[in-house]
Each structure stands twice: as C-alpha cells, then as structure tokens.
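This report concerns a single protein chain. The sequence and the structure are shown first, and the description comes after them.

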Amino acid sequence: MLNRIRLLDHVARCSTYEDGAIIYRLIKTSLEKGERVNVSFDGVFSAPSAFINGALIELLNDYTFSYIRENVIISNSTRYLNELIKQRFDFASKSGN
C-alpha cells in the first residue's frame with residue numbers, strides 16, 4: 001500500500017525542525033505498518049535544512065538509507081528541494097548517521 005502524505009495538510013509551513021518532526025512521525029508510522037510513503041511537497045517551494053533533517057534525515061536512526069530509498073517517494077518537489085534532500089542524505093551518510 002502507498003500512503004500519501006501531503007506536507008501542507010499536516011503543517012502550516014515547512015520551516016522548522018519541529019515541523020519536520022511532525023512529518024517524520026507520520027512517515028515512520030506508515031513504514032511501521034509496512035506501507036510505502038509518498039511525501040508530497042505540493043505547494044512547498046523551499047524549506048530549510050532543519051525541516052529536511054527533522055522530516056527525513058531522522059529516518060536514518062530507524063532505517064537504512066537503502067530501505068528509505070525503496071519505501072519513501074518524494075513527489076511534487078522542486079529541483080532546489082530535491083538537491084537539498086540529496087545533500088542532507090549524503091552528509092548524514094558520511095557523518096555516520
């Protein structure tokens with residue numbers, strides 16, 4: 001099953017680590033149920049690394065990068081956000097997170 005999480009349905013803005021933590025909990029709950037997750041950035045044009053860290057990078061404490069890649073789909077994202085997400089995962093992987 002694929003669970004769609006549209007960010008702006010759950011947070012007013014994607015601007016803080018705390019906003020990201022709300023999304024992280026939603027993603028983690030779906031993954032724990034064995035669901036794949038489509039994280040939709042529909043309506044979001046930018047976000048700071050703190051939000052990305054809270055929402056996505058925290059998943060590395062629970063799952064391997066490979067598992068996240070297979071089960072978390074990013075959609076309706078801008079080139080800027082895609083690059084930021086990639087950079088944050090690259091940094092976290094090199095940092096041993």
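The text below treats the nonpolar core, then one residue of a strand, and then the salt bridges.

**Nonpolar core**

The model is predicted. Its largest nonpolar core comprises 28 residues. Ile-27, Phe-41, Phe-51, Leu-56 and Leu-59 have the most contacts inside this core. At least two core residues come from each of helix H1 (17–32), strand S2 (36–40), helix H2 (49–55) and helix H4 (79–94). The greatest contribution is that of H4, with 5 residues.

Phe-41 illustrates how this core draws on separate parts of the sequence. When its neighbours within four places in sequence are set aside, Phe-41 is in contact with Leu-7, Phe-51, Ile-52, Ile-74, Ser-75, Asn-76, Ser-77, Leu-81 and Ile-85.

**Arg-4 in strand S1**

Arg-4 belongs to strand S1, which covers residues 2–6. Its relative accessible area is 46%, so Arg-4 is classed as partly exposed, the range for that class lying between 20% and 50%. With neighbours within four places in sequence left aside, the residues in contact with Arg-4 are Asn-38, Ser-40, Asp-42 and Asn-76. With one of them, Ser-40, the side chain of Arg-4 makes a side-chain polar contact at 3.2 Å. Arg-4 and Ile-27 are 23 residues apart along the chain, and their C-alpha atoms are separated by 9.4 Å.

**Salt bridges**

The count of salt bridges in the model is 5. Three of them are set out here, including the distance between the closest N and O atoms.

| Acidic residue | Basic residue | Closest N and O atoms |
|---|---|---|
| Asp-9 | Arg-6 | 2.8 Å |
| Asp-42 | Arg-6 | 3.1 Å |
| Glu-32 | Lys-28 | 3.0 Å |

Arg-6, Asp-9 and Asp-42 are linked in a network of salt bridges. Within this network, Arg-6 lies in strand S1 and Asp-42 in the loop between S2 and H2, so their pairing ties together parts that are 36 residues apart in sequence. The two acidic residues fall into separate accessibility classes: Asp-9 is exposed, at 52% relative accessibility, whereas Asp-42 is partly exposed, at 33%.

The pair formed by Lys-28 and Glu-32 is placed within one element, helix H1. These two residues are separated by about one helical turn because they are 4 residues apart in that helix. Glu-32 has a relative accessibility of 53% and therefore counts as exposed.

Terms used:
Residues numbered from 1 in each chain as written. Predicted model: local features only at pLDDT ≥ 70, side-chain atom pairs only at ≥ 80, totals over all residues. Heavy atoms only, no water. Core = buried A, V, L, I, M, F, W, Y, C linked by side-chain atoms within 4.5 Å. Buried < 20%, exposed > 50% of the residue type's maximum accessible area, 1.4 Å probe, protein only. Contact = heavy atoms within 4.5 Å. Polar contact = N/O pair within 3.5 Å; in protein donor to acceptor, adjacent residues only side chain to side chain. Salt bridge = Lys/Arg side-chain N within 4 Å of Asp/Glu carboxyl O.
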